[in-house]
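Hi everyone, thanks for making time this morning. I'd like to walk you through one structure, so let me put it up on the screen.

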Amino acid sequence: MHKDRPIAVIAGGGSLPAQVIEAILNTGRHVITIAIKGEADASLSSYDPVELGWGQIGKLFDTVHKAGAQEIVLIGSVQRRPDFTSVLGDWGTMRRLPRILAALVGGDDSLLVKVMGIFEQEGLKIVGAHEVAPALLAKPGLMAGPKLKEQDLADIRQCAEAIEKLGALDIGQGCVAVNGRIIAVEGAEGTDAMLLRCVELRQNGRVRTKGNAGVLVKCAKPGQDLRVDLPTVGPQTIRNAVSARLNGIAVEEGNVLIAERGLTEALCIEHGIFFYGLPKGSGS
């Protein structure tokens, strides 16, 4: 890494961008914050961000190059995929238009790979949040909450194996199993929406248990590029798992980011659900 140079952070939504920026600043590096218009959280205002829309790709690269940055961190959620008209902006955008339009075709993984290619063609290096903010990653073993039961461990193994197999088809990073039965697999809707589906399954009687049961598992998909698509859990994940009446959450250690770790772990303790870091490759 070019630790003597500033690093640019292109920030989408959620609380993670600010946490990543803070972690980088704590190492003594200068950060150029670029907030995606309409996506980035208002909390980034304290980092003096440059706010840019999808039609200002040229200005984005000008900003990064003028600052002397050679490394880029892409972090945060993007709820609205840009359409073909939203990228028609400045001259720098128009000059790169064929590459930008090509990046808009394909699934999420395809999009991310093509976006990284655009940055690399500009002489920039994509750096993962896990490289600059390792303290935000899941740790191995029990991180919060009660001890796991044998059925919990069995459900975790089942989910991890499912994610391993389905990951090759670019189908989600999360899975829910209850007493040996997989009841939900994460699709394009994301983890929180998947958990809300689990709540509905409880309500309509499709899943029946005495009390809480089951686990949510989040792992990186096989071959997933962790530089731009690192799985994430946070306080809302815990709240939704509680609503789904799960026993706990297991995430792959070193491959999942924890947003607002203190609050996330405190919620697990408050609601009596476990938060566990499982070894890498548990589904293999």
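What is the volume of the largest cavity? It comes to about 30 Å³. Before I go on, please keep in mind that this is a predicted model. The structure holds one cavity of 30 Å³ or more, so there is no list to work through here, given that a cavity is counted only where a 1.4 Å probe fits but cannot get out.

Let's look at what surrounds that space. The lining of the largest cavity is made by Ala-162, Ile-163, Leu-166, Ile-171, Gly-172, Gln-173, Gly-174, Cys-175 and Val-185. Two elements, α7 (150-167) and β7 (174-178), each give two or more residues to this lining. Helix α7 provides the largest share, three residues. And what is the chemical character of the lining? Six of its residues are nonpolar, three are polar and none is charged.

Let's stay with helix α7 for a moment and turn to charged pairs. How many salt bridges does the count come to? The answer is six, and I'll show you three of them, each cited with its distance.

One of them is in α7: Glu-161 and Lys-165 form a salt bridge, with their closest N and O atoms 3.0 Å apart. The two residues are four apart in helix α7, which means they are separated by about one helical turn. Are these partners buried or exposed? Glu-161 is partly exposed, with a relative accessible area of 36%, while Lys-165 is exposed, at 57%.

Helix α10 (residues 261-271) shows a similar arrangement along the chain: Arg-261 and Glu-265 both lie in it, four residues apart, about one turn of the helix. These two also form a salt bridge, and here the closest N and O atoms are 3.6 Å apart. Arg-261 has a relative accessibility of 15%, so it counts as buried, because the limit for buried is under 20%.

The next pair links distant parts of the chain. The side chains of Arg-227 and Glu-120 meet in a salt bridge at 3.5 Å, N to O. Arg-227 sits in the loop between β9 (215-218) and β10 (232-233), whereas Glu-120 belongs to helix α5 (residues 108-121), and the two are 107 residues apart. Arg-227, at 25% relative accessibility, counts as partly exposed, and so does Glu-120, at 42%.

Now for the sheet. Which order do its strands follow? It is an open sheet of six strands, running β6-β13-β11-β9-β7-β8, with mixed pairing. The edges are β6 (141-144) and β8 (181-185), each of which pairs on one side only. On average, neighbouring strands are turned by 25 degrees against each other, ignoring direction. As a reminder, strands of a sheet pair through backbone hydrogen bonds, either parallel or antiparallel. Within this sheet, β11 (residues 248-252) and β13 (residues 274-278) pair in the parallel sense, over five bridges. There, Ala-250 stands opposite Tyr-276 in β13.

Last stop: back to helix α10, where we find Thr-264. Is Thr-264 buried or exposed? Thr-264 is buried, with a relative accessible area of 0%. Thr-264 and Ala-144 are 120 residues apart in sequence, yet their C-alpha atoms are 8.9 Å apart in space.

That's my tour. Thanks for listening, and I'm happy to go back to any view.

How values were computed:
Residues are numbered from 1 along each chain as its sequence is written. This is a predicted model: local features need pLDDT of at least 70, side-chain atom pairs count only at pLDDT 80 or more; totals for chains, interfaces and linings use all residues. Side-chain values use heavy atoms; hydrogens and water are left out. On a 1 Å grid over the protein atoms alone, a cavity is a set of points where a 1.4 Å probe fits but cannot get out, and a pocket is an open set with protein on both sides within 12 Å along at least five of seven lines; lining residues have an atom within 4 Å of a point. Grid points are joined across faces, edges and corners, and a volume is the space filled by probe spheres set on the points. Ala, Val, Leu, Ile, Met, Phe, Trp, Tyr, Cys and Pro count as nonpolar, Asp, Glu, Lys and Arg as charged, and the others, Gly among them, as polar. A salt bridge is a side-chain nitrogen of Lys or Arg within 4 Å of a carboxyl oxygen of Asp or Glu. Buried means under 20% relative accessible area, exposed over 50%, partly exposed in between (1.4 Å probe, protein chains only). Two strands pair if DSSP finds at least two bridges between them. Axes are lines fitted to C-alpha atoms, for helices over the stretch in contact, and angles run from 0 to 180 degrees between N-to-C directions.
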